[in-house]
Amino acid sequence: MQIVRRLLLGLLLLATLGLIWDALPFYATADSMPEATAVDDPNLATATFAGGCFWCMEGPFDKLDGVISTTSGYTGGTKVDPTYYEVSAGGTGHVEAVQVVYDPTKVSYETLLQVFWKNVDPLDNRGQFCDKGSQYQAKIFAHGDDQQVLAEQSKQALSRQAKFQKTPIVTAIEPAQTFYPAEDYHQDYYLKHPLRYKYYRTACGRDQRLAEVWGSGE
C-alpha cells in the first residue's frame, strides 16, 4: 500500500510540476506586445471574429487550408492600445477577438463563418461559456459590405433551423473597427502551453456547451 501511495503522490507531483512549467511563460512575458499584422498582399483578405476567450478561437481557423495567420487581439472599443488587464476588466468596450488573414482562392469567407458559428454559443449575449461580460461576447466584425451581407445571410440561415426557433440567435454583426493585437504570450497560446490551455478549456465547459448547441457530431 505504501508503494502505491508513493507512486500516486509522485505522479501527482509530476503533473503539478508540468502545469507550473507550462504556465511560467504566461507571467514571464506579460508586458511584451506583438507588432500589428499588416496585409500587404492584395490577394489576401482579413476576417475578424469574437468568440469569447481568444485562445480557443485560433485553433479552429488555423486548421483550415488557406488560412495564412490568426492573431489574438482586441477590437470594438474606445481606448487606444488597450492591455489585456484593461480589456478583461470590462472598462474599454473592447471584446477579445481573433483576426484571420486568409487566401480567398483557397478558403471562402462562408467557410470561415461556418467555423465561427460552430465554435461559439450564439444564444448567449452575456459572454461565452464560463467567461461573462461584454468583453467576451461573440460578434462578427465585417470588413466591407460583402462580408456584412454574407454574415447576415449566414445568421438568417441558422435562425431558420428548428433548434433556434424558441431561443433566437443573439450574436451581433458589426463593421470592423481598429484591431489591436494582444500581448505576445496570448499568441498561439494553445500551441505554446497545451496543458494550461486544455485545463482552461475543460474547466470553462466550452466543449460541453458546444455539443449541447450544435451536437457532438458536428
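**Note on the core and the aromatic pairs**

1. In this predicted model, Trp55 and Tyr189 are both buried. A search of the whole structure finds ten aromatic pairs, and these two residues form one that is stacked, because their ring centres lie 3.8 Å apart with the planes at 10°. The pair joins distant parts of the chain, since Trp55 belongs to helix α2 (residues 55-62) and Tyr189 to helix α6 (residues 189-192), with these positions 134 residues apart in the numbering.

2. The rings of Tyr84 and Tyr85 are arranged differently: their centres are 5.7 Å apart and their planes stand at 70°, so this pair counts as edge-to-face. Tyr84 has a relative accessible area of 18% and is therefore buried, the limit being under 20%.

3. The largest nonpolar core comprises 44 residues, and within it Phe49 and Leu112 touch the most other members. Helix α4 (residues 109-117) supplies the largest share of this core, namely six residues. Apart from it lies another core, of five residues, which includes Ala50, Val95, Ala97 and Phe179.

4. Which residues does Phe49 touch, if those up to four places away in sequence are not counted? The contacts of Phe49 are with Phe61, Ala97, Val98, Val100, Tyr109, Leu112, Leu113, Phe116, Lys139 and Ile140. Phe49 also belongs to an aromatic cluster, in which ring pairs link this residue with Phe61, Tyr109, Phe116 and Trp117.

Key: Residues numbered from 1 in each chain as written. Predicted model: local features only at pLDDT ≥ 70, side-chain atom pairs only at ≥ 80, totals over all residues. Heavy atoms only, no water. Core = buried A, V, L, I, M, F, W, Y, C linked by side-chain atoms within 4.5 Å. Buried < 20%, exposed > 50% of the residue type's maximum accessible area, 1.4 Å probe, protein only. Helix = DSSP H or I, 4+ residues; strand = E, 2+ residues; numbered from the N terminus. Contact = heavy atoms within 4.5 Å. Phe/Tyr/Trp six-rings, centres within 6.5 Å; stacked < 30°, edge-to-face > 60°.
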